[in-house]
Amino acid sequence: MEEKILNLIKKYNKIVIARHIGGDPDALGSTFALKEIIDNNFSDKKVMVVGTSISKFKFFGNHEKITDDMYEDSLLIALDVPDFKRIDGADYSKFSDIVKIDHHPEIDKFSDYEIIDIDASSTCELVAKLCYKCNLKMPKHAAENLFMGIITDTNRFLFGSNKSDTYETVLNLIKKEHIKPNELYERIYARNINEIRLEGMISLNMKLTKNGLGYVKITNDDLKKYNIDSASIGGIMNNYNFINGLICWVVFTEDIKNGVIRTSARSRGVKINKLFEQYNGGGHVYACGAKLQSFLEADEIIDKLDELCYEYKKGE
């Protein structure tokens with residue numbers, strides 16, 4: 001499949017690269033890395049990365065807004081997104097061909113040109129493998145983006161990195177592309193004091209049910225108090241992975257600007273992705289998100305997640 005995808009890249013002079021709404025470092029790292037790889041190996045092509053900019057992750061690269069002419073006789077490469085509705089910044093139906101590279105459970109089939117590996121640590125790992133298998137040159141900044149996507153989606157290899165392929169890929173990025181992991185860890189994990197204080201508030205106010213569900217609601221007033229953007233909450237979620245008695249945890253954050261309740265959830269054993277797909281969200285089996293219309297929907301999800309936790313504990 002890698003060769004077929006490479007041939008499509010060679011075929012089209014206009015290529016748009018997109019990822020899921022609310023891009024995380026894996027989505028951002030893979031899209032901007034692939035753009036740099038294509039630019040470096042095929043300088044005659046027009047390649048753009050589309051989607052909403054995320055200020056705290058500007059070091060990955062700069063997004064562009066798609067223009068009508070970019071839809072004409074062009075290729076869409078969708079990365080780290082399992083379904084059409086979550087593609088950010090592009091209308092998939094207007095492209096001549098589509099490629100999908102992803103490590104989520106498949107929801108929508110995009111085309112006959114897909115690399116889907118739910119056992120892969122990240123989409124960044126899959127992009128790196130594509131580059132190496134096709135003998136493409138990899139710019140150093142692209143390698144840095146791929147490394148940051150891998151370490152964040154595995155939470156520094158604490159989960160989602162069960163195959164030796166992941167470590168072999170990281171070794172290649174270090175040996176062949178001469179990246180410096182310690183510098184990249186500092187870049188991706190540097191946090192301001194307000195975010196640390198908000199995390200403390202979340203820890204103090206998280207409610208825990210007898211079935212092992214933890215949940216917190218963060219209002220716009222809370223965000224103002226700590227001077228934090230609503231999009232910053234997702235990065236806090238993995239810090240609750242190893243708390244005894246906590247099976248599943250979810251944070252609901254009011255986003256006044258966009259009129260939604262941003263929702264991020266994690267689980268240690270309870271499969272939660274199907275539930276979040278019912279709320280126009282989704283993600284991995286044990287890590288999901290959604291944008292809700294109100295805190296009333298949040299209450300629905302709390303009840304349903306608590307029931308899932310109950311069933312899970314009963315079956316242990």
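The following exercises with worked solutions concern a predicted model.

**Exercise 1. The parallel sheet**

Determine the strand order of the open sheet of 5 strands, and state which strands stand at its edges.

Solution. Step one is the order: the 5 strands of this open sheet follow one another as 2-1-3-4-5, and their pairing is parallel. Step two is the edges: strand 2 (46-49) and strand 5 (114-116) each pair on one side only and are the edge strands. Step three is the geometry: with direction ignored, neighbouring strands of the sheet are turned by 15° against each other on average. Finally, helix 1 packs on this sheet and touches strand 1 (14-18), strand 3, strand 4 and strand 5. The direction of helix 1 makes about 135° with that of strand 4.

**Exercise 2. Pairing within the parallel sheet**

State how many bridges join strand 3 to strand 4 and how many join strand 1 to strand 2, and give a residue pair for each.

Solution. Begin with strand 3 (residues 75-79) and strand 4 (residues 97-102), which run parallel and are joined by 5 bridges. In this pairing, L76 stands opposite I98 of strand 4. Turn next to strand 1 and strand 2, which also run parallel; 4 bridges join these two strands. Here V47 in strand 2 is the bridge partner of I15.

**Exercise 3. The two faces of strand 1**

Sort the residues of strand 1 by the way they point, and decide whether they are buried or exposed.

Solution. First, recall the rule that side chains in a regular strand alternate between the two faces of the sheet. Second, apply the rule to strand 1: K14, V16 and A18 point one way, whereas I15 and I17 point the other way. Third, consider burial, for which the cut-off is a relative accessible area under 20%. All of these residues are buried, and strand 1 is accordingly described as mostly covered, with 5 of its 5 residues buried.

**Exercise 4. The mixed sheet**

Give the order of the open sheet of 6 strands and explain why strand 6 and strand 10 each have one side without a neighbour.

Solution. The order is 6-7-8-9-11-10, with mixed pairing. Strand 6 (207-208) and strand 10 (282-283) stand at the edges and have a single partner strand each, so one side of each lacks a neighbour in the sheet. For strand 10, the pairing with strand 11 (residues 287-292) is antiparallel and extends over 2 bridges. In this pairing, G282 stands opposite G289 in strand 11. Helices complete the picture. Helix 10 (residues 295-315) packs on the sheet and touches strand 7, strand 8 (248-255), strand 9 (260-267) and strand 11. The direction of helix 10 makes about 170° with that of strand 7. Helix 7 (residues 193-205) lies across strand 6 and strand 7 (213-218), and runs at about 130° to strand 7.

**Exercise 5. The cavity**

Identify the residues that line the largest cavity and classify them.

Solution. A search of the whole structure for cavities of 30 Å³ or more finds 1. The volume of the largest cavity is about 50 Å³. Its lining consists of I5, L6, I9, L34, I37, V127, L130, C131, C134 and L136. The elements that give two or more residues to this lining are helix 1 (2-11), helix 2 (25-41) and helix 3 (123-133). By class, the lining has 10 nonpolar residues, no polar residues and no charged residues.

**Exercise 6. Four individual residues**

Assign L223, E36, R156 and N227 to their elements or loops, and state the accessibility class of each.

Solution. L223 lies in helix 8 (residues 220-226). Its relative accessible area is 6%, so L223 is buried. Leaving aside residues up to four places away in sequence, L223 touches I218, I228, D229, S230, I233, T253 and E254.

E36 lies in helix 2. With a relative accessible area of 22%, E36 is partly exposed. Leaving aside residues up to four places away in sequence, E36 touches P139, H141, A142 and N145. From C-alpha to C-alpha, E36 and V47 are 8.9 Å apart in space, and they are 11 residues apart in sequence.

R156 lies in the loop between helix 4 (140-153) and helix 5 (164-177). Its relative accessibility is 40%, so R156 counts as partly exposed. Although R156 is not a glycine, its phi is positive, at about 60°.

N227 lies in the loop between helix 8 and strand 8. At 61% relative accessibility, N227 counts as exposed. N227 is not a glycine, yet its phi is positive at about 55°.

Conventions
Residues are numbered from 1 along each chain as its sequence is written. This is a predicted model: local features need pLDDT of at least 70, side-chain atom pairs count only at pLDDT 80 or more; totals for chains, interfaces and linings use all residues. Side-chain values use heavy atoms; hydrogens and water are left out. On a 1 Å grid over the protein atoms alone, a cavity is a set of points where a 1.4 Å probe fits but cannot get out, and a pocket is an open set with protein on both sides within 12 Å along at least five of seven lines; lining residues have an atom within 4 Å of a point. Grid points are joined across faces, edges and corners, and a volume is the space filled by probe spheres set on the points. Ala, Val, Leu, Ile, Met, Phe, Trp, Tyr, Cys and Pro count as nonpolar, Asp, Glu, Lys and Arg as charged, and the others, Gly among them, as polar. Two strands pair if DSSP finds at least two bridges between them. Contact means heavy atoms within 4.5 Å. Axes are lines fitted to C-alpha atoms, for helices over the stretch in contact, and angles run from 0 to 180 degrees between N-to-C directions. Buried means under 20% relative accessible area, exposed over 50%, partly exposed in between (1.4 Å probe, protein chains only).
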